[in-house]
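Trainee: Please show me how to read the backbone, the sheet and the charged pairs of a model, taking one feature at a time.

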Amino acid sequence: MNEPPPKKERDAEHQAFMEKFGKILEAGMRFKKVMLGRNLRRARAKCPFCPDGYWIGKLNGPKNHLHMACDKCDVRMME
């Protein structure tokens, strides 16, 4: 049976995940704010996490929930 990784290793992985998630969330909320300010439902912007990717974002529903993903890297988010 596989043993779970040691607690120290799990904590380091969790910390790295939370840091990346925080950066993605912060950038996504800035993207949404710009979209709302320009009265856009769909937009495209340069991805801040990879050199040649673009975020494709859209605001859905009456509450303007953000759905966005990069076309090159693994960054995606749904609010």
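**Reading the fold**

Mentor: Let us start with Asn39, which sits in the loop between α1 (7-37) and β1 (42-46); helices (H or I, at least four residues) and strands (E, at least two) are DSSP runs numbered from the N terminus. The model is predicted, so that local features need pLDDT of at least 70 and side-chain atom pairs count only at pLDDT 80 or more, while totals for chains, interfaces and linings use all residues. Residues are numbered from 1 along each chain as its sequence is written, and side-chain values use heavy atoms, with hydrogens and water left out.

Trainee: What is the phi of Asn39, and is this residue buried or exposed?

Mentor: As a general idea, most residues other than glycine have a negative phi. The phi of Asn39, in contrast, is positive and near 60 degrees. Asn39 is exposed, its relative accessible area being 70%, where buried means under 20%, exposed over 50% and partly exposed in between (1.4 Å probe, protein chains only). Asn64 can be read in a similar way, since its phi is a positive value near 55 degrees, and this residue belongs to the loop between β2 (54-60) and β3 (65-70).

Trainee: In what order do the strands form the sheet?

Mentor: In general, the strands of a sheet pair through backbone hydrogen bonds, either parallel or antiparallel. Here 4 strands make an open sheet in the order β1-β2-β3-β4, with antiparallel pairing, and two strands are taken to pair if DSSP finds at least two bridges between them. Because β1 and β4 (76-78) stand at the edges with a single partner strand each, one side of each has no neighbour in the sheet. On average, neighbouring strands of this sheet are turned by 20 degrees against each other, direction ignored; axes are lines fitted to C-alpha atoms, for helices over the stretch in contact, and angles run from 0 to 180 degrees between N-to-C directions.

Trainee: Which strands does α1 touch?

Mentor: Helix α1 packs on the sheet and touches β1, β2, β3 and β4, its direction making about 60 degrees with that of β2; contact means heavy atoms within 4.5 Å.

Trainee: How many bridges join β1 to β2, and how many join β2 to β3?

Mentor: The antiparallel pair β1 and β2 is joined by 5 bridges, and β2 and β3 pair in the antiparallel sense over 6 bridges. Gly57 in β2 is opposite Ala43, and its bridge partner in β3 is Met68. The hairpin formed by β2 and β3 has 4 residues between the strands, and Gly61 in the turn has a positive phi of about 75 degrees.

Trainee: Which side chains of β2 point to one face and are buried, and which point to the other?

Mentor: In a regular strand the side chains alternate between the two faces of the sheet. Along β2, Trp55, Gly57 and Leu59 point to one face and are buried, whereas Tyr54, Ile56, Lys58 and Asn60 point to the other and are not buried. Tyr54 counts as partly exposed at 31% relative accessibility, and it is the bridge partner of Lys46. Leaving aside residues up to four places away in sequence, the residues that Tyr54 touches include Arg44, Ala45, Ala69 and Cys70.

Trainee: How many salt bridges does a search of the whole structure find?

Mentor: The search finds 3 salt bridges, each being a side-chain nitrogen of Lys or Arg within 4 Å of a carboxyl oxygen of Asp or Glu. In one of them, the side chains of Lys20 and Asp74 meet at 3.3 Å, N to O. Lys20 is in helix α1 and Asp74 in the loop between β3 and β4, so this pair links distant parts of the chain, 54 residues apart. Lys20 is partly exposed at 38% relative accessible area, while Asp74, at 58%, is exposed.

Trainee: Where do the residues of the pair Lys32 and Glu79 lie?

Mentor: The side chains of Lys32 and Glu79 form a salt bridge of 2.7 Å, N to O. Lys32 lies in helix α1 and Glu79 in the segment after β4, so the pair ties together parts that are 47 residues apart in sequence. Lys32 is buried, with a relative accessible area of 11%, whereas Glu79, at 36%, is partly exposed.

Trainee: How many residues apart are Arg30 and Glu26?

Mentor: Arg30 and Glu26 both belong to helix α1 and are 4 residues apart, about one turn of the helix. In their salt bridge the closest N and O atoms are 3.5 Å apart. Arg30 is partly exposed at 49% relative accessibility, and Glu26 is exposed at 52%.
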